[in-house]
Amino acid sequence: MSKQMFQKIIATDMDGTFLREDHQFNRDRFRKILDQFHQKDYLFAAASGRSLMSLQDVFQGFEDEMAFIAENGSIVSYKGKIIFEDQPIEPKVYLEIIRRLSASPYGQKSCIILSGKNGAYLLKSGDKEFIEMISPFYVKTTLVSDFSEVTEDIVKIVATFPTEEVEVAQEWLNQEFDDVIAVTTGFNSVDIILSDSHKAVGLSQLCEYCGLEAADVVAFGDNQNDLEMLDFAGTSLATSNAKPEVKKVADSVIGHCNDEAVLAYIEEMLDEY
């Protein structure tokens, strides 16, 4: 595997961490940071439960200057090249999860998304408001009559619930299924991924590609799907709006995502070195 010459990797979760609650960030400020990263041989990595296409859309104009750890570590991309791709969830597994979830007290098929490398799949019969709400987070969405029609490899199932049911539904999913794990991401939903798949897996692959160790990584997060990444990184930071269990794992707690605390921390870090 080719080694890239970097001194550090700065990896950050997106929603609730790097992005404000309006899902935006200061692009001029980020541009200045990337320029300094080039001078210091630092690599910026967006590490998210979002799809690769969604992350590339968020960072349009910066895509060739950073790395992407997408789908909770299942896909890692650098300069348009996929450098790691985890095993997909087998159709018999995700179809059984959907069947049992739909029959459970906690969810309906209309609130389920199948996410693949090239797009997301929702039911034509799904709730129209739900489809309109979720579509901005996926660059390409396809409506199907039944999830059995999907032929693309699927790396993540997203199940959305009423706010008051998210935690109990997550607990039910983790009790019912052994091969997958359900983690919260900051919305009224859980990401259902293979139990041995998480952001630290993708981040470790990126480290190997760059010839770096965990000690060379600075990572930021706010939710359950960031825990392994924060535990892996040499330096780990949680935003003040992070979940208590995330703050407990992190080395330090910084400001709120709405105050662009990640950008501020990076700027201070660059001034120190």
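**Exercise 1. Work out how exposed Asp 41 is and what its backbone does.**

Start with accessibility: Asp 41 comes out at 35% relative accessibility, so it counts as partly exposed. For the cut-offs, buried is under 20% relative accessible area, exposed is over 50%, and partly exposed is in between (1.4 Å probe, protein chains only). Next, find its place: Asp 41 sits in the loop between helix 1 (27–40) and strand 2. Helices (H or I, at least four residues) and strands (E, at least two) are DSSP runs, numbered from the N terminus. Finally, check the backbone: Asp 41 isn't a glycine, yet it has a positive phi of about 60°.

A word on the model before going on. It's a predicted one, where local features need pLDDT of at least 70 and side-chain atom pairs count only at pLDDT 80 or more, while totals for chains, interfaces and linings use all residues. Residues are numbered from 1 along each chain as its sequence is written, and side-chain values use heavy atoms, with hydrogens and water left out.

**Exercise 2. Do the same for Glu 260: is it buried or exposed?**

Glu 260 has a relative accessible area of 8%, so it is buried. Look for it in the loop between strand 14 and helix 9. Its phi is near 55°, a positive value in a residue other than glycine.

**Exercise 3. Trace the open sheet and find its edges.**

Walk across the eight strands in the order 5-4-3-2-1-12-13-14, and you'll find mixed pairing. Two strands pair if DSSP finds at least two bridges between them. You run out of sheet at strand 5 (81–85) and strand 14 (252–253), the edge strands, each pairing on one side only. Now zoom in on strand 1 (residues 8–12) and strand 12 (residues 217–221): they run parallel, joined by four bridges. Here Ala 11 stands opposite Ala 219 in strand 12.

**Exercise 4. Place helix 6 and helix 9 against the sheet.**

Take helix 6 (residues 199–210): it packs on the sheet and touches strands including strand 2 (42–47), strand 3 (67–70) and strand 4 (75–78). Contact here means heavy atoms within 4.5 Å. Its direction makes about 125° with that of strand 5. For such angles, axes are lines fitted to C-alpha atoms (for helices, over the stretch in contact), and angles run from 0 to 180 degrees between N-to-C directions. Helix 9 (residues 261–272) packs on the sheet too, touching strand 1, strand 2, strand 12 and strand 13 (235–238), with its direction at about 160° to that of strand 12.

Back to helix 6 for its burial: nine of its 12 residues are buried, among them Leu 203, Leu 206 and Tyr 209. Just after this helix, Gly 211 takes a positive phi of about 70°.

**Exercise 5. Describe the hairpin of strand 10 and strand 11.**

Strand 10 (residues 180–184) and strand 11 (residues 189–194) run antiparallel, joined by five bridges. Thr 184 stands opposite Val 190 in strand 11. Then look at the turn: four residues lie between the strands, and Gly 186 there has a positive phi of about 115°. As for cover, four of the five residues in strand 10 are buried.

**Exercise 6. Which residues does Phe 137 touch?**

First locate Phe 137 in the loop between helix 4 (128–134) and strand 8 (141–144). At 16% relative accessibility, Phe 137 counts as buried. Leaving out residues up to four places away in sequence, it touches Asp 15, His 23, Arg 50, Ser 51, Ser 54 and Phe 187. Ser 54 is 83 residues away along the chain, with the two C-alpha atoms separated by 6.1 Å.
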